[in-house]
Every structure is written in C-alpha cells, then in structure tokens.
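Biologist: I am new to this structure and would like a close look at one strand and its surroundings. Could you walk me through that part and then show how it sits in the whole chain?

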Amino acid sequence: MHIALLSRNRTLYSTRRLIEAAEARGHSVRVVDTLRCYMNIASHRPSIHYKGEEIESFDAIIPRIGASITFYGCAVLRQFEMMGTYVLNDNVSITRSRDKLRSLQLLSRKGIGLPVTGFAHSPDDIPDLIKMVRGAPLVIKLLEGTQGIGVVLAETNQAAESVIQAFMGMKANIMVQEYIKEARGADIRCLVIGDKVVASMKRQAIEGEFRSNLHRGGSASVIRITPEERSTAIRAAKAMGLRVAGVDLLRSNHGPVIMEVNSSPGLHGIETATGKDIAGLIIDHLQKNAVRSRKTPPKPKG
Ligand code: ADP
C-alpha cells in the first residue's frame with residue numbers, strides 16, 4: 001500500500017515507529033506535514049495540494065493530528081475522506097474525542113461508566129454544581145487541556161468555588177468532576193485496535209501528585225485488566241467511532257470509569273512498558289481494513 005502519515009514531525013517516536021512498521025511490511029510511506037496541505041473544495045473533484053503540487057493518491061491515511069491543530073488537521077483529513085481515501089480514524093471521531101465534554105456526553109448515552117461530571121455557565125450556579133458532583137474533594141478540568149495541564153484538585157468546597165469562579169471569569173470552558181480518590185493517583189491506559197485491547201499499562205503519579213500523566217512525571221508498568229475494564233475500553237472507543245484509540249480509565253468503587261479517549265495515542269510509553277509492537281499491530285489492522293474498504297468504499301462522513 002501507499003500510506004500517508006499526517007504528521008508535523010517525522011522525528012517523533014510514534015511517527016518513526018509507524019514508518020518502520022509499515023516499511024517492514026513492504027508498504028511505502030510518505031510523511032505529509034498537515035499544515036502544508038491546502039485544499040481545493042470544488043464540487044465533484046475535491047483535491048489536496050502540497051508544497052506547490054497536487055498530492056498523489058494514497059491507499060490509506062494515518063492521522064497523527066496534534067491537539068493544537070485539530071481544526072485544520074480535521075479539515076485536511078475530511079478532504080482525504082471526500083476523495084475516497086481510507087483513513088485509520090476519521091475526522092468526526094477525532095473532533096469528538098478532542099472535546100472532553102462532548103466525549104463524556106456520548107459515552108454517557110451508551111451507558112459507559114464515568115465519574116460524576118457537571119458543566120455550567122453561570123457563576124450563580126457554582127454552589128449547586130459543586131453539590132451535584134457530591135462536593136469536595138473534586139477535580140476541575142479545562143475542556144481543552146492535555147497532558148494533565150488544566151486539571152486541578154480542589155480539596156474543599158471553598159477552594160473549588162474560587163477556582164471555578166476564576167476559570168469562568170477568564171471565559172475558560174471547564175467541567176467539574178467527582179474525585180476518584182480510591183484510584184490513588186493511578187490510571188489505566190488501554191490501547192484499543194479494532195475491537196480488541198491489544199495492550200494496557202498502569203500509570204502511577206509521583207508522590208504527592210494525583211495526575212498520573214507521564215508528562216507530569218508518572219511512571220508506567222504493565223497491568224492485567226479485568227474483563228469489565230476490557231469491555232468498557234472497547235465500548236468507549238466504539239462509541240467515539242475510533243478504530244485506534246488510547247482509552248484512559250480509573251478503577252473506582254463503582255467499577256471502571258472513563259476519563260478520556262485519545263485518538264492519537266502516543267506509542268512510546270505503551271511499547272516501552274509492555275514490550276509489544278503496537279505500531280506493527282496498527283499497520284496490520286490498517287492493511288486488513290483498507291483493502292477490505294477498497295472493495296466496498298465507505299460513504300464519507302461530514
Ligand atoms: P489530560 O487530558 O490533560 O491528561 P485527564 O482528564 O486525563 O487530563 O486528567 C489527567 C490525570 O489526572 C489523569 O490521568 C488522572 O490520573 C487524574 N485525574 C483526572 N480526573 C480524575 C478524577 N476525576 N479523579 C481522580 N483522578 C483524576
């Protein structure tokens with residue numbers, strides 16, 4: 001196959017691993033800088049141009065679109081979809097997963113376990129919002145945050161009220177969430193490919209920190225997940241429409257609860273922790289499904 005990897009930086013670990021895995025399987029790969037693609041949205045013949053030329057056609061696209069370029073990146077991906085190219089994850093699923101609130105609303109509709117979460121606009125509603133999520137300690141999250149930045153633990157109702165007021169005053173979109181204390185600073189990342197969890201790891205926050213993100217100093221180790229956690233992760237990825245996803249969940253007293261579903265999961269942490277060739281599994285999945293879709297082309301989603 002001729003594969004395009006939509007990525008801004010070919011030196012990133014995940015990008016390098018995907019190239020390696022694809023080439024090892026006899027595919028050709030071109031790294032395409034998402035922000036250098038520009039589009040001709042003509043009827044009947046949508047096309048993409050790249051650095052002065054119309055881009056060649058690809059059999060499949062692997063999108064690795066960073067959170068800061070979601071809008072433009074998804075427009076480029078949508079254009080590829082309009083041109084009938086098979087994409088590993090489609091633009092609608094990626095857009096959904098980038099909005100934490102929208103994601104939780106979709107997951108709640110499917111009855112998937114979630115921490116009790118509230119969302120409000122008016123400062124007048126803050127006291128009731130806090131009550132609704134069962135009071136402090138609680139977690140306040142910026143909807144657009146990543147890597148644990150903009151995730152705050154408020155230990156008392158007064159602290160929660162001041163932080164929420166401050167965020168609202170700055171017109172930042174936030175949600176307020178029950179604090180899953182029993183997770184003890186650990187979360188579980190499940191790597192879903194198709195309808196399988198192919199790898200999972202536990203991330204443990206450093207002493208005195210509740211956020212387990214590796215970027216926040218958390219450490220990763222292999223973990224055996226329960227059948228309930230496995231099925232929750234698969235259902236979560238499916239609810240978002242993602243074929244490949246990093247599903248983050250917490251072990252709560254009321255079963256596994258989803259925190260986030262990531263559409264461009266990093267491969268470094270999980271491959272290192274588990275020793276598995278995740279990039280290879282992604283390419284195998286892509287190959288199987290892109291070939292199948294060529295026989296029955298999907299309708300592009302807008
Ligand atoms: P980000 O997308 O910025 O990583 P997350 O929502 O995943 O934000 O939160 C970052 C980390 O904070 C999580 O990995 C988890 O360890 C911790 N965390 C988030 N929400 C909760 C919660 N409701 N209860 C307990 N810990 C939480």
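Modeller: Gladly! Let's start with strand β12, which is joined to strand β15 (residues 244–252) by six bridges, the two strands running antiparallel. Please keep in mind that this is a predicted model. One place to find this pairing is Ile-193, whose bridge partner in β15 is Val-244.

β12 also pairs with strand β13 (residues 196–204): eight bridges join them, and they too run antiparallel. Here you can look for Cys-190, which has Ser-200 as its bridge partner in β13. β12 and β13 make a hairpin with two residues between them, and Gly-194 in the turn has a positive phi of about 65°.

Now for the strand itself. β12 spans residues 186–193 and is mostly covered, with eight of its eight residues buried. In a regular strand, side chains alternate between the two faces of the sheet. In β12, Ala-186, Ile-188, Cys-190 and Val-192 point one way. Asp-187, Arg-189, Leu-191 and Ile-193 point the other way, and the residues of both sets are buried.

Arg-189 takes us on to an annotated position. Asn-262 touches Arg-189, along with Leu-242, Val-244, Ala-245 and Gly-246, leaving aside residues up to four places away in sequence. You met Val-244 a moment ago as the bridge partner of Ile-193. Asn-262 lies in strand β16, and it counts as partly exposed because its relative accessibility is 23%.

The UniProt record, an unreviewed entry, carries a "binding site" annotation that covers Asn-262 and Glu-260. Glu-260 is also in strand β16, which comprises residues 255–262. With a relative accessibility of 25%, Glu-260 is therefore partly exposed. Beyond residues up to four places away in sequence, Glu-260 touches Lys-100, Gly-246, Val-247 and Asp-248. Gly-246 is thus listed among the contacts of Glu-260 and among those of Asn-262.

Let's turn to the aromatic rings, where the count comes to two pairs. Phe-58 and Phe-80 form an edge-to-face pair, with 6.3 Å from centre to centre and 65° between the planes. Phe-58 is in the loop between β5 (53–54) and β6 (60–63), while Phe-80 is in helix α2 (residues 70–82), so this pair ties together parts that are 22 residues apart in sequence. Both Phe-58 and Phe-80 are buried.

Tyr-179 and Phe-210 form an edge-to-face pair as well, at 5.9 Å centre to centre with 85° between the planes. This pair brings us back to our strand: Tyr-179 lies in the loop between β11 (174–178) and β12, and Phe-210 in the loop between β13 and β14 (219–222). The two residues are 31 apart, and the pair links distant parts of the chain.

Finally, let's step back to the whole chain. It has nine helices and 16 strands. A compact globule of 302 residues would have a radius of gyration near 19 Å, and the chain agrees with that because its value is 20 Å. Its C-alpha atoms fill a box of roughly 60 × 40 × 35 Å along the principal axes. Buried residues account for 49% of the 302 residues. Of the contacts between residues at least 6 apart in sequence, 66% join residues at least 24 apart. The accessible surface comes to about 14800 Å², and 50% of it belongs to carbon and sulfur atoms.

Note on methods
Residues numbered from 1 in each chain as written. Predicted model: local features only at pLDDT ≥ 70, side-chain atom pairs only at ≥ 80, totals over all residues. Heavy atoms only, no water. UniProt positions renumbered as here; feature names shortened; annotations may be inferred. Helix = DSSP H or I, 4+ residues; strand = E, 2+ residues; numbered from the N terminus. Buried < 20%, exposed > 50% of the residue type's maximum accessible area, 1.4 Å probe, protein only. Contact = heavy atoms within 4.5 Å. Pairing = 2+ DSSP bridges. Phe/Tyr/Trp six-rings, centres within 6.5 Å; stacked < 30°, edge-to-face > 60°. Rg over C-alpha atoms; globule rule 2.2 N^0.38 Å. Areas by Shrake-Rupley, 256 points an atom, 1.4 Å probe, with all protein chains shown as cover.
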